[in-house]
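Biologist: I have the sequence and the fold open side by side. Please take me through it one piece at a time.

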Amino acid sequence: MALFNVLVVDDEQEFRDMTIKRLIKRDIIAEGVESGELAIERIKHGDIDVVLLDVKMPGMGGVAALREIKQIKPLIEVVMLTGHASVESGIDGMKLGAFDYLMKPMEFESLHEKLCEAYERKKIQQNKIEQAQIKHDMFFFPG
Amino acid sequence: MGPTDTKEKYYRHLRKGLFSAFFIFILVPTIFVSWVTLHNLRQSAIQRIEMFGVRMAEERSDAIRQYLDQQIQILSTLSGMYPVKVMGNQDHLDRLFRAVNERGHVVDLLVVDAKGTQLSYVGPHRAAVEGKNYKEAEWFNDVLIGGKHVSDVFLGYRNIPHLVVAVTDPLKTYVIRATINSETFNALLHQAQMGYSGDAIIVNPEGNFQTPSLQGVKELTSAERELLVHHEGTNSRVMDSFLYTTRWIKEGQWLLIIKFKVRESLGSFNERRDNSLMIIAAATIIFMFSAVLLCRYMVGKLERSDRRRADMDQQMIQVEKMASVGRLAAGIAHEINNPLQMITNQAGWIEELLPDEDPALVKNFDEYRDAVSKIKFHVIRAGTITHRLLGFSRRMTTEKECIRVNELIEETISFVENEALSHKIIIERELDENLPTTMSDGPQVQQVFLNILNNGLDAVDHDGKITVSTRADDTSIYIEFSDTGPGISPEVMKQIFDPFFTTKEPGKGTGLGMSICYDIMKKLGGKIDVNNKKTGGAIFTITLPLRKMGEPGHEGEGTFGYEGSIS
């Protein structure tokens, strides 16, 4: 499994810490923040591939955060985390470009799988863009 | 039972009240007007009788006066024609008697000289008057002073009532007296037609009868004596249901009284009154009958609409209760989900870390691994429950969605399976694998399933079987729930979908379950049928219409549970 960076955004510290621990155990570089605002700050400064984003958080909600993230770094894939009562938010998120949503409580395995799939897609997208960039460069700066 | 009694009483009161209102405001005025009209008719009829009476009294009094005048005239003629010598001659008087008495109404003739000595007599009582002196007799003196005399009816020497007419000759040398046959005189009076109970009599101012009563009475009643008051012309008045017409005759010496029984004389009026009464009675009966029908109809209608409203209220309460239970359940489920997530995570973490350990060094390595996997299993179970609770709360919003009936059944069975197992009831599934999906309201359909399953469990009680089968044709999906219970009695069958009908003990069932099911299915365009199987036990068949996405639903009109209620 290729290494990639995951940012866990959840206001519940225990959930965040445990998820990070378990991701690291699976060789994924994971870190966490507790709010949408902090997540946006973090993304601006660092190299994040996939964001695990809770829908229901104090302050900036998950959906609003998703919108900003997609504006700043469209390539970053986002997996939404919802409760049963906020399935609609997850669906809204997907319309805004989230990779998928997961309903709590879920098995860690499915979370892991979802994150990997998200990263795969990010890689594909990135490759496509790089190819396009190369073509573009060759056209404008040949030789 | 209490409230039902009160309601019954209320509607009974209402019916009575309405009927009384009809009675008072329409019938009573009608009766009053009829009474007034009849009374007026009667009064005018009495007036006509009065006029008739007055005419008759005048006619009779004229006839009597004429008769008496005629008698006086005859005697005056005789006395004018013959001197006392001739009249005193017995033979001559005999001849005269025969001449004047052709009609036979003169009983006798008597001639008395101016000194009161009897000169001659013709009549049946010669012996009694022979040689008698009349000097002291009142009538004799009366004649000598006034020239003529008409007596009251008196018994005289012969002890039979008779009437005496006497005159004197122009020179007052003798007096001739005639006794007039009372019957001839009476006949004059009694010619008048006065009906069965009527009467015509002549009395003197003392009230003594001068003529016999047609009714055989001998004297006036005390009320009738009040009539003995002198008055001019003819009077009439009504006393004791008799009409009395009175007229003084013979210079105020006699009172002619003619009396009619008012009722007998009202012949044509009575006939008209009877006709009117019959029409009024017939109209009254018809009216009362229609009033009763109308009252019954109106109150019945009111009762039905009241009952329907009460049913609806009850159902709304039930729905609201379910909704609040649903909200509560959703809240709890949501709160529990987070800790459940933490438990899974922690257990998962342990599971992940375990392989790093050396099994040889950890004494209970396998036990730990088992425990962790059990924790995970039960968290999944708890998760299923919270999902179900959340699903239950979402049931309150009615939505059309694509439903898979078999899945709904599986889910519903899972709600009751534990209870079924504890009562040793097997729930068997005969589900059509290729059952099509349909557009309907999943949660509501599920509520119906749950209700029927619960009723089935109650019916079977223990050690039995409930079979759920599904099948479909081109138009509908059929879901059958058959049980091995005792079946449904005909009485229960009749009322099974009635609101508040329950076979359960008081306090155990609202009696709304089946009625709500009926409403739900009607609203969704389907239906519920109940039957008993020949082999025993009941069978409920739910028919759900088959609809593709986008197809307009044929929903029952109106609000929930109202139009659909069974009446």
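Biologist: In which sense do strand E1 (residues 5-9) of chain A and E2(A) pair?

Modeller: This is a predicted model: local features need pLDDT of at least 70, side-chain atom pairs count only at pLDDT 80 or more, and totals for chains, interfaces and linings use all residues. Elements are DSSP runs numbered from the N terminus, helices being H or I over at least four residues and strands E over at least two. Two strands pair if DSSP finds at least two bridges between them. E1(A) and E2(A) share 5 bridges, and the sense is parallel.

Biologist: Which residue in E2(A) stands opposite A:Val9?

Modeller: Residues are numbered from 1 along each chain as its sequence is written, with chains lettered from A and ligands numbered from 1 in written order. The partner of A:Val9 in E2(A) is A:Val33.

Biologist: Which strands of chain A stand at the edges of the sheet?

Modeller: The sheet is open, and its 5 strands run in the order E2-E1-E3-E4-E5 with parallel pairing. An edge strand has a single partner, so one side of it is left without a neighbour in the sheet. That describes strand E2 (29-33) and strand E5 (100-103) of chain A.

Biologist: At what angle does helix H1 (residues 13-25) of chain A run to E2(A)?

Modeller: Axes are lines fitted to C-alpha atoms, for helices over the stretch in contact, and angles run from 0 to 180 degrees between N-to-C directions. Helix H2 (residues 36-45) of chain A packs on the sheet, touching E1, E2 and strand E3 (50-54), at about 160° to E1(A). H1(A) lies across E1 and E2 of chain A, and its angle to E2(A) is about 170°.

Biologist: How do the elements of chain A run from the N terminus on?

Modeller: Chain A has 5 helices and 5 strands. Their order is β-α-β-α-β-α-β-α-β-α.

Biologist: What share of the residues of chain B counts as buried?

Modeller: A residue is buried if 20 or more other C-beta atoms, placed from the backbone, lie within 10 Å of its own; it is exposed at 12 or fewer and partly exposed in between. In chain A, with 143 residues, 36% count as buried. In chain B, with 567 residues, the share is 27%.

Biologist: Which element gives the most to the side of chain B that touches chain A?

Modeller: Contact here is a pair of residues whose backbone-placed C-beta atoms lie within 7 Å. Chain B supplies 18 residues to it and chain A 14. Helix H8 (267-353) and helix H9 (365-394) of chain B each give two or more residues to chain B's side. The most, 14 residues, comes from H8(B).

Biologist: How many residues on that side of chain B are charged?

Modeller: Asp, Glu, Lys and Arg count as charged; Ala, Val, Leu, Ile, Met, Phe, Trp, Tyr, Cys and Pro as nonpolar; the others, Gly among them, as polar. There are 7 nonpolar and 10 polar residues, and the charged number 1.

Biologist: At what angle do helix H11 (residues 442-460) and helix H13 (residues 513-523) of chain B cross?

Modeller: Residues of H11(B) that meet H13(B) include B:Gln444, B:Val448 and B:Ile452. From H13(B), B:Cys517 and B:Met521 are among those in the contact. The axes come within 10 Å and cross at roughly 145°.

Biologist: Which element gives the largest share of the largest nonpolar core?

Modeller: A nonpolar core is a set of buried Ala, Val, Leu, Ile, Met, Phe, Trp, Tyr and Cys residues joined through C-beta atoms within 7 Å. The largest has 33 residues, and B:Val448, B:Cys517 and B:Met521 have the most contacts inside it. B:Met521 also touches B:Ile528 and B:Ile542, among others. The largest share, 7 residues, comes from H11(B).

Biologist: Is B:Met56 buried or exposed?

Modeller: B:Met56 lies in helix H1 (residues 2-81) of chain B. Its C-alpha atom is 8.2 Å from that of B:Ile258, 202 residues away along the chain. B:Met56 has 22 C-beta neighbours inside 10 Å, so it counts as buried.

Biologist: What is phi of B:Asp461?

Modeller: B:Asp461 sits in the loop between H11 and E13 of chain B. It has 13 C-beta neighbours inside 10 Å, so it counts as partly exposed. Most residues other than glycine have a negative phi. B:Asp461 is not a glycine, yet its phi is positive, about 75°.

Definitions and conventions. Two residues are in contact if their C-beta atoms, placed from the backbone, lie within 7 Å. Lists of a residue's contacts leave out its neighbours within four places in sequence.
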